[in-house]
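Colleague: Could you walk me through this chain? I would like to know how its side chains pair up and what its surface looks like.

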Amino acid sequence: LERLQTALDSSRTVAEYNVVARELDALRDDYLELLSREADLRYQVAKDKHAPKLLLEARQKNAALGLELDMVKRQLEEQKGLASHAQETAAALTAQLGGGGNAAAGIKGPMEKL
């Protein structure tokens, strides 16, 4: 860049000046393109450096969700067991009350006598 800038400043003819100016513009464009590519590569490298951390965080979150899922499954099984027990108890009580209804009628009889 310095060489071309010096040549541009010291050029004597318009034709020489235009040639050097075009070369300088082309070189500036190439330089800006390289800066842009460098920035893209730096971004990619920085992103790649964080990838293992993101992977570790995702694995930890997955493990935590797996534990939570196991806990919820156990709770669901417990609730199913409780619901089954409640249904069995309700059926037994219904059977007793169905059979015990006659016994209750017998109890009412003496009570009515009083």
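Modeller: Happy to! A salt bridge here is a side-chain nitrogen of Lys or Arg within 4 Å of a carboxyl oxygen of Asp or Glu. This is a predicted model, where local features need pLDDT of at least 70, side-chain atom pairs count only at pLDDT 80 or more, and totals for chains, interfaces and linings use all residues. Residues are numbered from 1 along each chain as its sequence is written, and side-chain values use heavy atoms, with hydrogens and water left out.

Colleague: How many salt bridges does a search of the whole structure find?

Modeller: One pair is R28 and D25, and another is R42 with E38. E77 and K80 also meet in a salt bridge. For the whole structure, the search gives three.

Colleague: How many helices are in the chain?

Modeller: Helices are DSSP runs of H or I with at least four residues, strands are runs of E with at least two, and both are numbered from the N terminus. By that rule the chain has zero strands, and its helices number two.

Colleague: How far apart are the closest N and O atoms of R28 and D25?

Modeller: Both residues sit in helix 2, three residues apart, so about one helical turn separates them. For exposure, buried means under 20% relative accessible area, exposed over 50%, and partly exposed in between (1.4 Å probe, protein chains only). R28 is partly exposed at 40%, and D25 is partly exposed at 41%. Their closest N and O atoms are 3.8 Å apart.

Colleague: Is R42 exposed or buried?

Modeller: R42 lies in helix 2 four residues from E38, about one turn of the helix. Its salt-bridge partner E38 counts as partly exposed, at 34% relative accessibility. R42 has 57% relative accessibility, so the class is exposed.

Colleague: What N to O distance goes with the salt bridge of E77 and K80?

Modeller: These two are three residues apart in helix 2, about one turn. E77 counts as exposed at 51%, while K80 is partly exposed at 47%. The N to O distance is 3.9 Å.

Colleague: What share of the residues counts as buried?

Modeller: The chain exposes about 10100 Å² (Shrake-Rupley method, 1.4 Å probe, with only the protein chains shown counting as cover for residues). Carbon and sulfur atoms supply 60% of that area. Of the 114 residues, the buried share is 5%.
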